[in-house]
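Me: I should like a close look at one ligand site in this model, from the point of view of someone who may set up calculations on it. Please treat the surroundings of that ligand as a connected whole, and add the other ligand for context.

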Amino acid sequence: MRRENARTDSEHRVGRGKLFVLSGPSGAGKGTLRERALKDIHGLVYSISCTTRRPRPGETDGVEYRFISHETFREWIAQGLFLEYAYVHSDMYGTLKADVMRELEAGNNVLLEIDVQGALQVREKIPEAVLVFVDVPSIQELERRLRDRHTETEEALRTRLANAVKELGLKGKYDYVVVNDDLDSACEELRRIIAS
Ligand code: ADP
Ligand code: 5GP
């Protein structure tokens with residue numbers, strides 16, 4: 001049975017809020033599900049990650065990500081500021097510990113959208129975290145979604161599809177797997193997991 005109450009680890013103390021981690025292959029629909037969840041679920045907040053990736057057209061610093069340099073990322077690692085971080089698709093991505101802890105201590109539920117390596121680091125540090133894997137009906141459908149999104153170069157798309165196969169092999173480590181086939185059904189499933 002999952003422990004619901006605070007654990008009193010001095011470094012990673014958790015308050016009244018609950019931490020939810022969303023992972024899955026690029027293109028599976030994590031961002032889409034996350035936006036719907038944040039709109040529909042009261043008291044759920046999103047922790048904005050840091051990345052060394054360059055902003056895509058339309059992305060704004062501090063909205064989708066905090067876009068930081070490799071040098072700053074390395075400094076923040078050395079200072080122990082990250083709850084988790086990982087090298088994903090040729091860039092660094094990480095979650096700031098202080099952001100998450102502040103929200104949990106304020107009693108908010110926090111949603112992270114991070115890769116599999118990061119999710120497993122979170123589980124080590126905060127065993128109460130609920131890990132949700134967003135799956136796709138097929139690799140062909142994943143490729144179609146990524147192509148239709150028009151955000152990646154052909155090379156980036158290939159990297160993301162190759163990583164997808166590795167990520168899919170780790171879905172057994174998650175508490176829940178939500179197959180994002182019909183979007184409304186997947187949203188409802190995620191909403192029920194968060195509400196339960
Ligand atoms: P991720 O954040 O996992 O990379 P996105 O949320 O950006 O994925 O979704 C990838 C693309 O697939 C987007 O263009 C999105 O509109 C589309 N998409 C998301 N969910 C579905 C779904 N259930 N059926 C069809 N297309 C979807
Ligand atoms: P994108 O570049 O498409 O926005 O994200 C690429 C991948 O990085 C996605 O799988 C996403 O979940 C992951 N990611 C985003 N933020 C973080 C983070 O803070 N930590 C980790 N480990 N992965 C992240």
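Which helices each supply at least two residues of the shell around ligand 1?

Reply: The two are helix H1, residues 30-40, and helix H5, residues 139-149. H1 is the main contributor to the shell around ligand 1, giving three residues. Helices (at least four residues) and strands (at least two) are DSSP runs, numbered from the N terminus.

This is a predicted model, in which local features need pLDDT of at least 70 and side-chain atom pairs count only at pLDDT 80 or more, while totals for chains, interfaces and linings use all residues. Residues are numbered from 1 along each chain as its sequence is written, chains are lettered from A and ligands numbered from 1 in the order written, and side-chain values use heavy atoms without hydrogens or water.

The shell around ligand 1 holds 14 residues, and the nearest of them are Gly-27, Lys-30, Thr-32, Arg-149 and Asn-180; a residue belongs if one of its heavy atoms lies within 4 Å. By class, the shell has three nonpolar, six polar and five charged residues, with Gly counted as polar and Tyr and Cys as nonpolar.

Three polar contacts (pairs of N or O atoms within 3.5 Å) can be described at ligand 1. A nitrogen atom of ligand 1 lies 2.8 Å from a side-chain N or O atom of Asn-180, a residue that is also listed among the nearest. Arg-145 places a polar side-chain atom 3.3 Å from a nitrogen atom of ligand 1. At Gly-29 the partner is a polar backbone atom, found 3.0 Å from an oxygen atom of ligand 1. Ligand 1 on its own has 560 Å² of accessible area, of which the protein covers 74%; such areas come from the Shrake-Rupley method with a 1.4 Å probe.

For context, ligand 2 is surrounded by 17 residues, and Ser-49, Arg-53, Tyr-65, Tyr-93 and Asp-115 are the closest. Its shell divides into seven charged, five polar and five nonpolar residues. Here strands appear as contributors: E5, residues 82-88, and E6, residues 91-96, each supply at least two shell residues.

The polar contacts of ligand 2 include one between an oxygen atom of the ligand and a side-chain N or O atom of Tyr-93, at 2.5 Å. A nitrogen atom of ligand 2 is 2.8 Å from an N or O atom in the side chain of Glu-84, and a polar backbone atom of Glu-113 lies 3.5 Å from a nitrogen atom of ligand 2. Taken alone, ligand 2 exposes 510 Å², and 96% of that is buried by the protein.

Strands E5 and E6 also belong to an open sheet of four strands, in the order E4-E3-E6-E5 and with mixed pairing. E5 and strand E4, residues 66-67, are the edge strands, each pairing on one side only; pairing requires at least two DSSP bridges between two strands. E3, residues 50-51, pairs with E4 in the parallel sense over two bridges, and Cys-50 has Arg-66 of E4 as its bridge partner.

Key
Polar contact = N/O pair within 3.5 Å; in protein donor to acceptor, adjacent residues only side chain to side chain.
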